[in-house]
Amino acid sequence: SAAKMSAAKASQVKAIAAKVSEVEASEVKAIATKVSEVEASEVKTIAAKVSEVEASAAKMSAAKASQVKAIAAKVSEVEASEVKAIATKVSEVEASEVKTIAAKVSEVEASAAKMSA
């Protein structure tokens with residue numbers, strides 16, 4: 001009877017050990033699955049963040065490009081207005097010089113007319 005009892009206990013122990021190993025195996029699988037899920041979601045999160053950074057960088061470069069265009073446009077406007085201002089001043093100076101020369105010519109002509117008379 002003692003032998004039978006020890007054999008029964010041995011089979012019980014084997015059955016318990018088998019169940020324990022099954023539970024452990026399923027737990028290991030569950031943990032592994034969760035780990036892979038977490039890793040997958042982290043990879044997705046990282047990829048999303050990278051794409052966000054890239055998108056914001058693209059937006060920033062676009063904004064900078066438009067700023068550069070705006071600055072260039074303003075510079076060309078300023079240059080154009082300066083050129084106009086210089087041209088206006090040159091024409092004003094030329095006009096006053098022409099008037100001065102014309103006045104002197106008429107003075108010379110007048111004095112020549114007086115001398116001939």
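## Exercises on a one-helix chain

A compact globule of 117 residues would have a radius of gyration near 13 Å, but the protein chain in this predicted model has 50 Å. Keep that contrast in mind as you work through these exercises.

**Exercise 1.** Find how many helices and strands the protein chain has, and describe the box its C-alpha atoms fill.

*Solution.* Start with the secondary structure: there is 1 helix and there are 0 strands. Helix α1 covers residues 2-116. Next, look along the principal axes, where the C-alpha atoms fill a box of roughly 170 × 10 × 5 Å.

**Exercise 2.** Follow two residue pairs along the chain and give the separation of their C-alpha atoms.

*Solution.* Take Ser-91 and Ala-30, which are 61 residues apart along the chain; their C-alpha atoms are separated by 90 Å. Now try Lys-104 and Val-35: they are 69 residues apart along the chain, with 101 Å between their C-alpha atoms.

**Exercise 3.** Decide whether Ser-91 and Lys-104 are buried, partly exposed or exposed.

*Solution.* Recall the cut-offs: buried means under 20% relative accessible area and exposed means over 50%. Ser-91 has 38%, so Ser-91 is partly exposed. Lys-104, which also lies in helix α1, has 53%, so Lys-104 is exposed. For the whole chain, buried residues make up 0% of the 117 residues.

**Exercise 4.** Describe the exposed surface and the charged side chains of the protein chain.

*Solution.* First, the surface: the chain exposes about 10200 Å², and carbon and sulfur atoms supply 68% of it. Then the charges: there are 17 positive and 16 negative side chains, and the centres of the two sets lie 14 Å apart.

How values were computed
Residues numbered from 1 in each chain as written. Predicted model: local features only at pLDDT ≥ 70, side-chain atom pairs only at ≥ 80, totals over all residues. Heavy atoms only, no water. Helix = DSSP H or I, 4+ residues; strand = E, 2+ residues; numbered from the N terminus. Rg over C-alpha atoms; globule rule 2.2 N^0.38 Å. Buried < 20%, exposed > 50% of the residue type's maximum accessible area, 1.4 Å probe, protein only. Areas by Shrake-Rupley, 256 points an atom, 1.4 Å probe, with all protein chains shown as cover. Lys, Arg positive; Asp, Glu negative; His and termini not counted. Charge placed at Lys NZ, Arg CZ, Asp CG, Glu CD.
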